[in-house]
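Good morning, colleagues. Please turn to the sequence and the coordinates as they appear on the screen.

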Amino acid sequence: MLRLRGPMGIAVAVLSIVATACGSTAAQPTVSHARPAAPYRYVAVGGTDATGGATVDPLLDAWPQQLFRTSMPLSAVFVNAAVPQETVAGAAVDQVPTTLAASPTVVTVWLVTGDVLAGTSPAAYGAGLHSLLRALRRGGRTTVLVGNSPPAAQLPGLVACQSGAERHNLRCPARVPDATSAQATVTAYNTAVATAAASTGALVVDLDAAVSSTVAGGGPAVLNPTGADLSTVGSTLVAKAFSAALRGATGRTSP
Amino acid sequence: MSWSDAFRLAARSVVRRPGRVALTVVAVALAAALFTAMLTMAATAQGRVLDQLAKGGPLAGIQVAAAAPDPSQSGSDNPSLGASRPIDQTAVDRIARVRGVDVVLPIITAQTLMIWPNHVSTGKDSGPADHSVVFDQMVGVDLSHVTNVPVTLSAGRFPDPGSTTEVDVTPVLLARYGIPSTRAARAVGSVVELGAPRGFRSSNGSSVFRSRWTKATIVGVVTQQAGSGGILASATLARAGHDWTAGGDPTVDSDANRSPYSGLFVIAKGLGAVPQVRAGIEAVGYSTSAPENLIASVERYVHVVEIVLGGIGVIALAIASIGIATALLAAVRERRREIGILKAVGARDRDVLRSFLIEAGVMGAVGGLLGTLLGLALARAVGTIVDGYLRGQGLAGVHVGTPVVLGVATVIGSTLLALVAGSVPARRAARLSPREAVEQ
């Protein structure tokens with residue numbers, strides 16, 4: 001160790017005091033100058049389930065919110081245009097203008113329950129969905145993901161209406177279809193979804209297969225106990241199915 | 001006798017009595033250190049107090065509310081607000097033209113839902129644990145002028161001026177997530193989701209709120225008075241949220257803020273111009289508030305404290321100067337024979353006077369310099385301790401500056417006092433006759 005004595009030592013001591021006195025110890029505010037990322041806009045078109053329905057915390061657990069959280073970049077802007085109990089015809093009025101105004105990069109569409117409960121025929125549903133998807137595609141500038149229907153026994157709302165118990169403010173039809181005819185309707189709806197998607201360039205998210213495999217595998221309940229809405233687990237399942245489809249469509253592997 | 005001879009004589013005197021000289025220099029140094037440290041700490045305290053009063057903004061800052069002025073409260077620091085009155089770009093331009101205005105910074109607030117998905121409240125945190133979603137206000141300002149608005153950073157950094165993915169949060173907001181101010185810095189780096197709600201009436205007549213969501217990283221923790229809200233963001237991000245909400249259906253969301261700007265922060269050209277600028281802005285039709293009266297009062301009190309502390313330091317320096325005089329008187333007594341011989345070989349009175357004054361001046365200058373450095377180091381050390389304590393409490397810290405003018409003045413003052421103190425023994429030595437000096 002260097003030991004300084006005499007005048008040199010005094011000089012070093014004085015310089016140390018000067019350095020201590022003049023050194024800055026307080027943290028100064030700094031401002032970074034990161035370049036903002038390119039805009040990435042996502043709009044969710046849907047019904048009750050897209051608003052979070054009866055999940056534990058709708059704002060936190062709604063499946064579009066989960067999709068935004070887990071699969072979109074930090075710079076993404078997300079508008080949840082969903083309206084509870086919406087039909088395809090209603091969405092064309094209530095949600096399409098807002099969606100188009102946002103010039104979205106990605107749009108997700110999941111509209112089944114409202115039309116099933118409203119008694120919309122598969123043909124009318126298919127025609128309405130085709131118009132909706134064509135508008136949302138904006139000539140191919142927007143990636144549109146459209147979900148089909150899970151099995152009738154797992155379709156939110158329909159199950160609650162079939163139970164005949166508490167109807168949870170649902171617009172249940174006067175004559176609720178039984179399980180067999182409901183499944184036939186769902187199958188016809190899924191055919192309409194596939195046709196509309198194929199003709200407009202939208203991508204089908206196969207919720208029928210995703211929910212069926214979960215239920216068959218003995219997984220947790222997709223619907224909440226009343227059957228009126230997706231459970232939090234169901235919301236996560238739907239979000240993951242849309243996320244996988246989005247990854248397939250865009251090649252994006254992480255937010 | 002030349003100046004160099006006088007310096008040599010003075011140096012020889014110092015070398016002959018090193019102990020006495022060292023003690024005298026130490027006395028001067030301690031007095032100078034006391035003087036410097038006290039005034040530095042007083043200046044730091046004044047800056048901290050005034051900064052607190054100005055909420056981190058400039059002292060000449062004036063807040064303009066989106067409301068008409070109440071004529072009965074004109075001139076008071078925090079007047080009550082009159083009727084609500086939107087601030088648009090025309091109003092901003094008119095206010096910018098008011099005489100005495102230096103800068104006008106618009107403030108934009110946006111109603112905001114905040115989701116903190118990964119927030120896990122620990123058992124040590126106070127407050128409720130499950131508050132993933134809170135409703136608050138986002139305050140947007142031009143962050144390239146952040147030093148001009150009443151915002152104080154306590155952890156992290158400010159968001160980038162144009163960023164739409166960075167925000168700061170306040171300790172009050174963090175408390176709603178159960179995070180105490182002492183742990184506020186832990187929030188930095190977290191990603192949150194920010195939603196601006198918009199009222200909408202669907203085709204079936206039902207009222208719906210749909211939100212525009214963005215993600216943002218918390219990059220800092222601030223206390224801010226620029227606007228009412230727990231989230232500080234760039235004007236760009238706040239503007240996007242504000243405009244989304246303002247574009248909603250007023251029959252669904254009548255409380256939505258539709259004024260383009262929720263307020264302004266105006267900086268006058270100096271504290272003296274504040275009353276004139278406030279009057280001008282009120283003439284345009286908006287209510288203003290500024291802590292001008294409070295700042296003036298506090299400044300008066302702090303100046304009194306500075307005078308008292310400075311007085312104590314001057315007394316200490318005067319006592320140290322008496323030490324110099326005593327040391328030189330002893331030197332004169334011991335060097336009478338040498339003085340007599342010098343005069344016998346032709347040295348003049350002023351040559352002897354000069355030698356003793358040089359000795360006194362050097363002792364004063366060296367003591368003053370060492371004392372100034374020691375005083376600044378002491379003030380730094382105390383400032384570091386206070387800064388650590390304040391930041392540990394989640395408050396804004398203090399910054400001890402380097403008062404160059406005070407340091408130079410202390411060294412010069414110490415030297416002058418030493419010269420004054422040394423003048424009496426030096427004159428006595430100069431007046432000695434050669435015969436009288438040699439005889440004794």
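I shall speak about chain A, then about the nonpolar cores, and finally about one pair of helices. Please bear in mind throughout that this is a predicted model.

Let me begin with chain A. Its secondary structure comprises eleven helices and five strands. The chain has 255 residues, of which 47% count as buried. As for contacts in chain A with a separation of 6 or more, 76% are accounted for by residues 24 or more positions apart.

I turn now to the nonpolar cores. The largest of them has 68 residues. Which residues have the most contacts inside this core? They are Y42(A), W63(A), V109(A), L129(A) and F242(A). Consider Y42(A) in particular: leaving aside residues up to four places away in sequence, Y42(A) touches W63(A), P64(A), L67(A), F68(A), M72(A), V77(A), F78(A), V79(A), V106(A) and T108(A). Another core, of 46 residues, lies apart from the one just described, and includes A66(B), A110(B), A184(B) and L237(B).

My last topic is a helix pair in chain B. Helix α9 of chain B spans residues 349–392, and helix α10 of chain B spans residues 404–431. Their axes come within 7 Å and cross at roughly 150°. Because angles over 145 degrees count as roughly antiparallel, α9(B) and α10(B) are therefore roughly antiparallel to each other. The crossing in which α9(B) passes α10(B) is right-handed. What is the make-up of the contact of α9(B) with α10(B)? Its residues divide into 13 nonpolar, ten polar and two charged.

Thank you for your attention.

Technical notes. Residues numbered from 1 in each chain as written. Chains lettered and ligands numbered in written order. Predicted model: local features only at pLDDT ≥ 70, side-chain atom pairs only at ≥ 80, totals over all residues. Heavy atoms only, no water. Axes fitted to C-alpha atoms, helices over the stretch in contact; angles between N-to-C directions. Helix = DSSP H or I, 4+ residues; strand = E, 2+ residues; numbered from the N terminus. Parallel < 35°, antiparallel > 145°, perpendicular 65-115°, else oblique. Left-handed = near helix turned anticlockwise from the far one by under 90°. Nonpolar A, V, L, I, M, F, W, Y, C, P; charged D, E, K, R; others polar. Core = buried A, V, L, I, M, F, W, Y, C linked by side-chain atoms within 4.5 Å. Buried < 20%, exposed > 50% of the residue type's maximum accessible area, 1.4 Å probe, protein only. Contact = heavy atoms within 4.5 Å.
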